[in-house]
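Q: I should like a close look at a single part of this assembly, namely one chain, its interior and its neighbours. Please describe its helices, its core and its loops, and then the partners that meet it.

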Amino acid sequence: MAMMYSFFSLMTLLIAAFVVPLVSLKRERYIPQIAIASSFIALVFAVMTVPFVLQDGIIINQMEDWSAPYGITVAVDGLSMLLILMITFIGFLVTMFSFRFVKKRRTKYYALLMLLQVGLLGIAHTGDLFNLFVFLEIMSIASYILASYSRNAPAIEGALKYLIIGSFGTSMMLLGVAFLYGLTGTLNMADLAVKVAGISSPILPLALGLLITGLGVKAAIFPFHAWKPDVVTVMPASAGAMFSALSTSIGIYAILRIVFTVFSGSSPVLYYILIAIGAVTMALGAIMALQQRHLLRLLAYSAISQVGYIMIAFGVGGFNPLGIQAGIFHLFNVAMFETLLFLCAGIIKHKAGTYNMEKLGGMARFSPVVSYAFLIGMLANIGIPFFSGFSSKWMIYIVTLEVFPILTVLAVVVSIMTLLYGLRAYALVFLGNKNVKPGKVKRSMIIPVLILAAICLLFGVFPQLGFNMAAFVSQSFDNAKYINMILMG
Amino acid sequence: MIVRKKMGMDMDLLELHVIGAVFLLFVALLALINRWSSRYSKGKRSDTKKKIYAGGEDIRPTHMNVPQESFYYILIRSLKLDKFKQWHSGDLTRYLVWVFTGMVLIMIYLLFLWGM
Amino acid sequence: MLPYIVAMFLVALGSFALLFKENMIKKIIGLGIVSNGIHLFVISLGYRKGGIAPILQDLGLSHFVQYAVDPLPQALILTSIVINLSVTAVALSLIIHAYRKTGSIEARDLRRLNG
């Protein structure tokens with residue numbers, strides 16, 4: 001009997017998020033240890049689910065045994081499994097990193113970090129549109145408060161802007177869910193897929209537009225991206241690492257579920273929207289990143305640009321199934337190297353106290369290991385051979401060449417711009433003449449960095465691993481199996 | 001469809017191996033040339049060679065007219081790319097107008113090309 | 001038909017307040033009006049003429065099925081009301097902090113982070 005152990009990881013983190021403030025009343029010294037232990041247990045539970053998903057293809061749990069269209073469905077298939085692994089893994093690494101990085105108001109920080117993970121895991125598990133909305137709001141509220149963590153004027157301003165834009169987005173998404181409910185009478189995604197295929201009504205494209213807006217605000221794609229650089233600049237770098245990499249991944253996952261599962265096979269018009277948004281996002285992110293002085297803001301725009309690549313890959317994937325695999329592999333790679341870059345930036349801030357690239361310099365003398373790790377992350381971002389970014393970007397180039405060659409030209413030009421700002425960031429921060437004394441980086445801060453750098457190298461030197469993973473995950477887009485197993489099983 | 005997917009993946013892998021091999025060869029060639037040429041003439045280290053746009057050469061200050069840190073900004077302003085940075089002015093109302101306009105445009109596009 | 005029109009009008013009014021007013025508190029009120037409009041829309045989806053509240057009483061299951069209004073949108077809206085309550089609370093406390101730090105709550109003055 002296939003057990004959904006990964007649901008226990010969600011429950012562990014939820015219980016820990018409530019236990020941490022209670023424990024802090026008596027013994028505040030042990031809170032980081034509790035947080036690290038619970039995120040490790042969550043990672044173990046997630047890894048334990050992998051054999052079951054590999055064997056069955058999809059694991060389904062109907063809550064309280066109410067059968068499918070009437071009850072709440074929790075379904076873990078290939079794509080959800082990949083995201084659950086990414087969330088628990090990056091969550092564990094970031095919690096380990098924050099042990100030394102975050103000193104003040106630790107209770108609030110760890111509780112919010114765990115609530116953020118709970119929200120992300122909930123979205124990855126759900127098979128139901130309303131569950132998606134609730135967990136999206138949990139994740140959003142945790143990140144609104146985390147954004148204002150340092151309590152200085154820019155932090156409050158960034159959090160306020162994010163709050164208003166984010167709430168507007170999720171309200172629009174709720175309106176889209178309401179339209180879909182009014183048309184079909186159900187909120188279960190598998191049931192919606194069956195019913196939407198049979199209805200043709202002018203309200204469906206309105207509902208889809210509202211849903212793409214709501215989830216696009218979270219994923220930070222073109223017209224909805226304005227909050228992301230402000231928030232990432234003011235969040236503490238470790239929380240910013242997890243939030244930036246994973247909230248975009250979850251936003252794209254939710255858009256994928258809706259476009260490819262609920263509205264699948266409707267019309268090619270949907271794919272053109274994804275391609276158009278992706279192309280503009282890609283170019284805009286690179287153009288803005290060339291002009292930044294603040295290291296975290298540059299990394300945020302770089303993340304926005306990479307999300308553009310992923311949207312193009314999925315848009316083209318509607319015409320050629322290989323594009324979906326390219327998009328999934330690039331999603332995984334982007335999360336890994338984005339987290340790596342943010343954590344390295346956190347180490348630099350810990351030592352030098354500033355993020356302004358024009359004031360920094362010579363950090364390679366401080367810690368050569370961190371400079372190599374940052375270089376590995378940047379080279380993966382640009383797409384140099386033997387780093388993970390190259391394997392997935394090459395797949396995207398090939399897929400777009402078959403369908404729309406002009407997208408390949410745009411992608412290569414944006415890669416050149418990525419090279420410009422990436423190497424500029426590396427040179428300004430790490431190279432140069434400044435006299436910086438060599439020092440040691442604490443172990444709990446360097447180990448996550450080393451693990452992520454090893455992963456970037458691993459998927460670059462052995463790209464076959466990534467291709468196999470993407471091929472397995474893309475089987476979850478076989479809608480007939482998903483719908484059958486949820487509605488009949 | 002599965003056969004086509006498999007064929008596509010194998011083709012990708014061959015090109016990746018070829019590119020990786022060419023890249024490695026190029027890097028090895030560069031390393032060899034560096035090792036061989038430094039046996040004949042070792043360059044002296046100096047501070048001027050380490051400046052950003054000096055490219056490892058000893059440049060007299062009169063020859064270097066490129067301002068170090070702000071070269072990128074001059075390039076960007078001449079390509080008019082700084083307009084984008086000015087548009088992101090930090091004004092919350094303007095960001096909300098983008099979100100709303102984007103939503104309305106997406107809805108109109110989907111409505112007219114799919115719904116009717 | 002009327003509740004749907006009123007709900008859409010509320011959403012439009014709230015979006016107007018969000019987009020065109022500069023004061024932060026007016027934007028938060030606009031968000032509240034948008035969410036009120038959406039809640040009204042969703043609850044009216046489940047309405048049935050001459051319906052009773054969806055509480056199972058002793059009159060029997062068939063009577064319940066014939067006359068009760070749809071309880072699913074009501075559950076949705078209860079959750080959404082609570083979520084909006086907490087978001088409004090966080091927003092108002094952030095506005096108080098912003099006022100203390102910068103002395104102004106107009107959107108055009110909160111422009112330290114730009115570019």
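A: The account below concerns chain A, beginning with its interior and ending with the two chains that touch it. The model is predicted, and every value given here is computed from it.

The interior is a suitable place to begin. The largest nonpolar core contains 239 residues, and Leu340(A), Cys344(A) and Cys456(A) have the most contacts inside it. Helix α13 of chain A, residues 322-352, supplies the largest share of this core, with 19 residues. The surroundings of Cys344(A) can be listed: leaving aside residues up to four places away in sequence, Cys344(A) touches Val370(A), Ala373(A), Phe374(A), Gly377(A) and Val449(A). As a general tendency, nonpolar side chains are buried together in soluble globular proteins.

Two further helices of chain A illustrate how much of a helix can be covered. Helix α10 of chain A spans residues 237-262, and its end C-alpha atoms are 36 Å apart, which agrees with the 38 Å that its 26 residues should span at 1.5 Å a residue. Because 26 of the 26 residues of α10(A) are buried, this helix is largely enclosed by the rest of the structure. Helix α4 of chain A, residues 106-125, has 20 residues and reaches 29 Å from its first C-alpha to its last, close to the 28 Å expected at 1.5 Å a residue. α4(A) is mostly covered as well, with 17 of its 20 residues buried.

One neighbour of α10(A) is helix α7 of chain A, residues 189-196; the two pack at an angle of about 40°, with their axes 9 Å apart. α7(A) and α10(A) are therefore oblique to each other. On the α7(A) side the contact involves Met189(A), Leu192(A), Ala193(A) and Val196(A), and these meet Arg257(A), Thr261(A) and Val262(A) in α10(A). By class, the residues of this contact divide into five nonpolar, one polar and one charged. The spacing of such positions has a general background: an α-helix has 3.6 residues a turn, so residues three or four places apart point the same way.

Two loops of chain A merit attention for their backbone. Most residues other than glycine have a negative phi. Ala220(A) is not a glycine, yet has a positive phi of about 60°. Ala220(A) lies in the loop between α8 (203-219) and α9 of chain A, and counts as buried because 26 other C-beta atoms lie within 10 Å. Phe386(A), another residue that is not glycine, has a positive phi near 75°. Phe386(A) belongs to the loop between α15 (368-382) and α16 (388-403) of chain A. With 19 C-beta neighbours inside 10 Å, Phe386(A) counts as partly exposed, since the cut-off for a buried residue is 20 or more.

Next come the partners of chain A. Towards chain C, 26 residues of chain A are in contact with 27 residues of chain C. The elements of chain A that give two or more residues to this side are α5 (129-147), α6 (153-184) and α9 (227-234). α6(A) provides the largest share, 17 residues. The side of chain A that touches chain C has 17 nonpolar, six polar and three charged residues.

Within chain C, helix α2 (residues 24-45) and helix α4 (residues 71-102) pack at an angle of about 175°, with their axes 10 Å apart. That angle makes α2(C) roughly antiparallel to α4(C). Among the residues making this contact are Gly32(C) and Ser35(C) of α2(C) and Ile81(C) and Asn84(C) of α4(C). By class, the contact has 13 nonpolar, seven polar and no charged residues.

Chain B is the other partner. Its secondary structure comes to four helices and zero strands, and buried residues make up 10% of its 116 residues. Here 38 residues of chain B are in contact with 44 residues of chain A. α1 (2-40), α2 (71-78), α3 (82-87) and α4 (92-115) of chain B each supply at least two residues of the side that touches chain A. α4(B) gives the most to this side, with 16 residues. By class, the side of chain B that touches chain A has 25 nonpolar, six polar and seven charged residues.

Methods
Residues are numbered from 1 along each chain as its sequence is written. Chains are lettered from A and ligands numbered from 1 in the order in which they are written. This is a predicted model: local features need pLDDT of at least 70, side-chain atom pairs count only at pLDDT 80 or more; totals for chains, interfaces and linings use all residues. Two residues are in contact if their C-beta atoms, placed from the backbone, lie within 7 Å. Ala, Val, Leu, Ile, Met, Phe, Trp, Tyr, Cys and Pro count as nonpolar, Asp, Glu, Lys and Arg as charged, and the others, Gly among them, as polar. The expected span of a helix is 1.5 Å times one less than its number of residues. A residue is buried if 20 or more other C-beta atoms lie within 10 Å of its own, exposed if 12 or fewer, and partly exposed in between; C-beta atoms are placed from the backbone. A nonpolar core is a set of buried Ala, Val, Leu, Ile, Met, Phe, Trp, Tyr and Cys residues joined through C-beta atoms within 7 Å. Axes are lines fitted to C-alpha atoms, for helices over the stretch in contact, and angles run from 0 to 180 degrees between N-to-C directions. Angles under 35 degrees count as roughly parallel, over 145 as roughly antiparallel, 65 to 115 as roughly perpendicular and the rest as oblique.
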